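Reader: I have a model open and would like to talk it through before I set anything up. Could you take my questions as they come?

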Amino acid sequence: MSTRRRIGGALAATGLALLAVTTPVANARTGDPARGLYSVEGASTAEKRTEVARAGVDVAGSRGGALTVVATPAQAASLRANGFGLKPLGDFDSMLKQRSDRAGTAAVAGDFPPGDEAYHTYAETTAELRKAAKDHGDIATLSSVGKSYEGRELNLLKISDNAGTDETEPEVLFTCNQHAREHLTTEMCLRIVQRFTSGYASDPALKKLVDEHEIFVLPNVNPDGSEYDIAGGEYQGWRKTRKPVPGSGAIGTDPNRNWDYKWSCCGGSSDDPSAADYHGPSAFSEPETKAVAEFVDSRVVGGAQQIKTHIDFHTFSELVLWPYGYTQAETDTGLSAEEAKRFADVGKKMAATNGYTPEQSSDLYVTDGDVNDWAWGKHKILSYTFEMYPKDGGIDGFYPPASVIPEQTARNDKAVDILITEAGAPAPTASPSSKSADGRT
Ligand SMILES: [Zn+2]
């Protein structure tokens, strides 16, 4: 039960005074209604968590039975009316401003807020990729899978021996920054680039992984969103793309609900253009998801998808997640018991190295139209989501200090190596009995 509810009518006058003092300010830049940051208690099952997500709130993190969410006053009232306990953590926009002003010095236009400059802007990320390709031209080539809505290149770095040649080696894909504000993920992709390019000459284990695979790294799936999130030197808490939604005043689609597999099928995304998990007007309505998907489609060579394994990095909650997200069933169309077991086995093996919690995506809450379901459902790619550091948090969950970057990206080195190695492993073949058991293959 909330404090406010316990106060009740007897202290209504005091309550009003408190409200007057803490009246949230609307987002100064967008004029959108004030948003509160809450810990939603009592969401101890996937059904309960899915119910919270379906309220249209912005779910940022999960720990045990609690979800960290950003909610409008109406959404918060609706959740309370449905029996959830909401612990207010603060006015979200005020917290963003305080977080941005932490260092107490003036922001530099186009860079991260003071104190967080070690995070790479889109321009800095692009410069790092160019440098890697220039310094290690034999094993790294830079290209682009297409352009964002605002015209930014969706940079793709390929790392392999003879990088300029398409060899018949198992391929691996790492994608980062689908969600705009999840800046630690871009650092994760840059860590992978840096580690394999600079370590190639001196580390035989890294050299072997590079020589025997083709590693693709895409650090900014949503560069418009991430640039918007830091524009003006103040964090915006932005999650979505930046393309206006036709016929509405809203801007942006949740790219990770926009993929064309079971898109909008199952209540795991929102129809409301203003919602944080809006799935877009149609599958692949966003140029960013469409471009990445077309790149993955293009890796079908001689009828066989060359990309075997994939991690899409997010923050936060410290989780390793695998398909399907759209259903709570462990097996469904195109996912046999043997295949589900492989997802779980490899997921747990990776989680054992980084201390994350491994689970099927829908064990958290139901999502539809996410990249993992598409990558597996369409291409049989062993595709995971990593929800990175921290395990739990309020505003620092969204925006961990730059000081954590080295440790929290290196933390995934072993998992990355496992994922790459797994690309060369034979895929399990469904036994005849399992095919007949559910009528699917
Ligand atoms: Zn995310």
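Reader: Let me start with one histidine: is H314 buried or exposed?

Author: This is a predicted model, and in it H314 is buried, with a relative accessible area of 1%.

Reader: And what about H179, buried or exposed?

Author: H179 is buried as well, its relative accessible area being 3%.

Reader: Which atoms coordinate the zinc ion?

Author: The zinc ion is coordinated by ND1 of H179, by ND1 of H314 and by E182, which is listed twice through OE, and the distances run from 2.0 to 2.4 Å. Along the sequence these donor residues follow the spacing H-x2-E-x131-H.

Reader: Where do the two histidines sit in the fold?

Author: H179 is in the loop between β7 (171–176) and α7, whereas H314 belongs to strand β11 (residues 307–315), so the pair ties together parts that lie 135 residues apart in sequence.

Reader: Why is the arrangement around the zinc ion irregular?

Author: The angles subtended by the 4 donor atoms run from 57 to 149°, and that spread is what makes the arrangement irregular. For four donors to count as tetrahedral, all angles would have to lie between 85 and 135 degrees.

Reader: Changing topic to packing: how many residues are in the largest nonpolar core, and which have the most contacts inside it?

Author: The largest nonpolar core has 85 residues, and those with the most contacts inside it are F174, F196, F313, M350, Y384 and F386. Helix α7 (residues 183–199) supplies the largest share of this core, namely 7 residues.

Reader: Take F196, then: which residues does F196 touch, leaving out those up to four places away in sequence?

Author: With those set aside, F196 touches I139, I159, L206, L209, V210 and I215, and further along the chain also V416, D417 and I420. There is also a second, separate core of 18 residues, and Y38, V59, A76 and L79 are among its members.

Reader: How about the chain as a whole, in terms of helices, strands and burial?

Author: The chain has 17 helices and 14 strands, and 56% of its 441 residues count as buried. Considering contacts with a separation of 6 or more, 75% of them are between residues 24 or more positions apart. The area the chain exposes is about 17600 Å², of which carbon and sulfur atoms supply 54%.

Reader: Before I trust any of that, where is confidence lowest and where is it highest?

Author: Confidence is lowest in helix α1 (residues 3–7), where the mean is 36, and highest in β7, at 99. For the chain the mean pLDDT is 90, with 90% of the residues reaching 70 or more.

Reader: Which stretches stay under 50?

Author: Residues 1–24 have a pLDDT under 50 throughout, and the model gives them 7 contacts beyond four places in sequence. Residues 432–441 are also below 50, and that stretch has 8 contacts beyond near neighbours in sequence.

Reader: On to backbone geometry, which peptide bonds are cis?

Author: Among them are the bond joining P323 and Y324, with omega about -5°, and the bond from Y389 to P390, where omega is again near -5°. Y324 is found in the loop between β12 (319–322) and α11, while P390 lies in the loop between β14 (382–388) and α14 (395–398). As background, most peptide bonds are trans.

Reader: And which residues have a positive phi although they are not glycine?

Author: N162 is one of them, with a phi of about 50°, and S264 is another, with about 55°. N162 lies in the loop between β6 (153–159) and β7 and is partly exposed, at 42% relative accessible area. S264 is placed in the loop between α9 (223–230) and α10 (287–298), and S264 is likewise partly exposed, at 27%.

Reader: Last one: where is A340, and what is A340 in contact with beyond four places in sequence?

Author: A340 is in helix α11 (residues 337–354), and its contacts, leaving aside neighbours within four places, are E330, T331 and L335. A340 is buried, with a relative accessible area of 14%. The C-alpha atoms of A340 and Y324 are separated by 9.1 Å, the two residues being 16 apart along the chain.

Definitions and conventions: Residues are numbered from 1 along each chain as its sequence is written. This is a predicted model: local features need pLDDT of at least 70, side-chain atom pairs count only at pLDDT 80 or more; totals for chains, interfaces and linings use all residues. Side-chain values use heavy atoms; hydrogens and water are left out. A nonpolar core is a set of buried Ala, Val, Leu, Ile, Met, Phe, Trp, Tyr and Cys residues joined through side-chain atoms within 4.5 Å. Buried means under 20% relative accessible area, exposed over 50%, partly exposed in between (1.4 Å probe, protein chains only). Contact means heavy atoms within 4.5 Å. Donors are N, O and S atoms within 2.8 Å of the metal (3.2 Å for Na, K and Ca); water is not among the atoms, so sites may look incomplete. Four donors count as tetrahedral if all angles lie between 85 and 135 degrees; four count as square planar and six as octahedral if opposite donors are over 155 degrees apart and all others between 65 and 115; anything else is irregular. Accessible areas come from the Shrake-Rupley method with a 1.4 Å probe; for residues, only the protein chains shown count as cover. pLDDT is the predictor's confidence in each residue, from 0 to 100.
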